[in-house]
Amino acid sequence: MDLLEAAKKLDQAAVLAQPIEQLTKQNEFTLDEAYEIQRLAIAERLDRGEKLIGLKMGFTSKAKMQQMGVHDMIWGRLTDTMLIDNGANAELAKYIHPRSEPEICFRISKDINGEVALEDLDEYVDGIATAIEIIDSRFENFKFSLEDVVADNCSSIGLAIGEWQKPSREIKELQMSQSFNGENVAEGSSADILGDPWKSLQAATRLAAKYKEPIKAGHVIMAGAATAAIFLKPDTQVEAIVEKLGSVQFHVV
Ligand code: OOG
Ligand code: MG
């Protein structure tokens, strides 16, 4: 299988907001090849001038694994064009079949070279915030295998980050919720993110080291959702609230 060709297909699907058939329907490929396709697809974005701003973790909760039928932790890359300012508009026309999910986000204060132990992570974090991730699988019907979704940069397309708070280790049992036009659409607990969102950050340092992906000062790391993701609809005010960390919003137009 031509990995670069697959990467370009996925990149164009995102650019044109046109879904494609699952890659694994045509060819089998390994998880390492899937991560290579992801790297090559992101390289297309970076060649167009986009900047890496961090990493996202996926399937760090049972709710997400069950929703999508995939049972392994995954990671993907975030770029600057994916950022939506807190309170700004998100244009539905730019997406294929977007869903959103409340998350917790870490801000990195110091370059990370190699895996960092859970107890040493404080040294590398200077902020924690409530965030929303928009995911938009490039595959028809939002259906994929583990290899497909990894190649597809773990469905990432957008993120909004709320006000940064001082880092705290006490984020293990925070209520997390998402509302559409003031109506609750999803509710969970940060305990569902590997038992503690800091463990998701730890896993990010392990996986980034394994795949030789740098984590730099200023980068953000999304810990993964604790609830199922919900399809976006037009004219919707989307808000995520995490107990103690505050809220973040955007408006779907
Ligand atoms: C894959 C992305 C999973 C999360 O927070 O678990 C993810 C998907 O559900 O399409 O972002
Ligand atoms: Mg997510």
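Which residue follows H2, and is its phi positive or negative? Gly49 follows H2, and its phi is positive, near 105 degrees. The views below show a predicted model.

**View 1. Helix H2 and the residue after its end.** H2 covers residues 31–47, 17 residues in total. From first C-alpha to last, the helix reaches 24 Å. That is close to the 24 Å expected at 1.5 Å a residue. Gly49, with its phi near 105 degrees, comes after the helix.

**View 2. The buried side of H2 and its neighbours.** The buried residues of H2 are Ala34, Tyr35, Ile37, Gln38, Leu40, Ala41, Ile42, Glu44 and Arg45. The list includes Gln38, Glu44 and Arg45. Two helices appear among the packing partners of these buried residues: H1 (3–16) and H4 (146–151). Strands E1 (52–58), E2 (74–79) and E7 (156–161) are partners as well. Tyr35, one of the buried residues, also belongs to an aromatic cluster with Trp75 and Tyr211.

**View 3. Strand E7 between its partners.** E7 is mostly covered, with six of its six residues buried. Strand E3 (residues 83–84) runs parallel to E7 and is joined to it by two bridges. E6 pairs with E7 in the antiparallel sense, over five bridges. Ala160 of E7 serves in both pairings: Ile84 stands opposite it, and so does Ile132. E7 is also one of the elements against which the buried residues of H2 pack.

**View 4. An open sheet of five strands.** The strand order is E4-E13-E12-E8-E9, and the pairing is mixed. E4 (89–90) and E9 (183–189) are the edge strands, each pairing on one side only. E9 pairs with E8 (residues 175–180) in the antiparallel sense, over six bridges. Within this pairing, Met176 has Gly188 in E9 as its bridge partner.

**View 5. The Phe142 and Phe231 pair.** A search of the whole structure finds six aromatic pairs. In one of them, Phe142 and Phe231 meet edge-to-face. Their centres are 6.2 Å apart, with 75 degrees between the planes. Phe142 lies in the loop between E6 (125–135) and H4, and Phe231 in E11 (residues 230–231), so the pair ties together parts that are 89 residues apart in sequence. Phe142 counts as buried, at 5% relative accessibility. Phe231 is partly exposed, with a relative accessible area of 40%.

**View 6. Charged side chains over rings.** Lys110 lies over the face of Tyr124, at 4.9 Å from the ring centre. The charged end of Arg169 sits over the ring of Trp198. There the distance to the ring centre is 4.2 Å.

**View 7. Two cysteines without a disulfide.** Zero disulfides are found in a search of the whole structure. Cys105 is in none, and its nearest cysteine sulfur, that of Cys154, is 15 Å away. Why does Cys154 form no bond with Cys105? The two sulfurs are 15 Å apart, too far for a bond. A disulfide needs them within 2.5 Å. Cys105 is buried, with a relative accessible area of 0%. Cys154 is buried too, with a relative accessible area of 3%.

How values were computed. Residues numbered from 1 in each chain as written. Chains lettered and ligands numbered in written order. Predicted model: local features only at pLDDT ≥ 70, side-chain atom pairs only at ≥ 80, totals over all residues. Heavy atoms only, no water. Helix = DSSP H or I, 4+ residues; strand = E, 2+ residues; numbered from the N terminus. Expected span 1.5 Å × (residues − 1). Buried < 20%, exposed > 50% of the residue type's maximum accessible area, 1.4 Å probe, protein only. Contact = heavy atoms within 4.5 Å. Pairing = 2+ DSSP bridges. Phe/Tyr/Trp six-rings, centres within 6.5 Å; stacked < 30°, edge-to-face > 60°. Lys NZ or Arg CZ within 6 Å of the ring centre and 35° of its normal.
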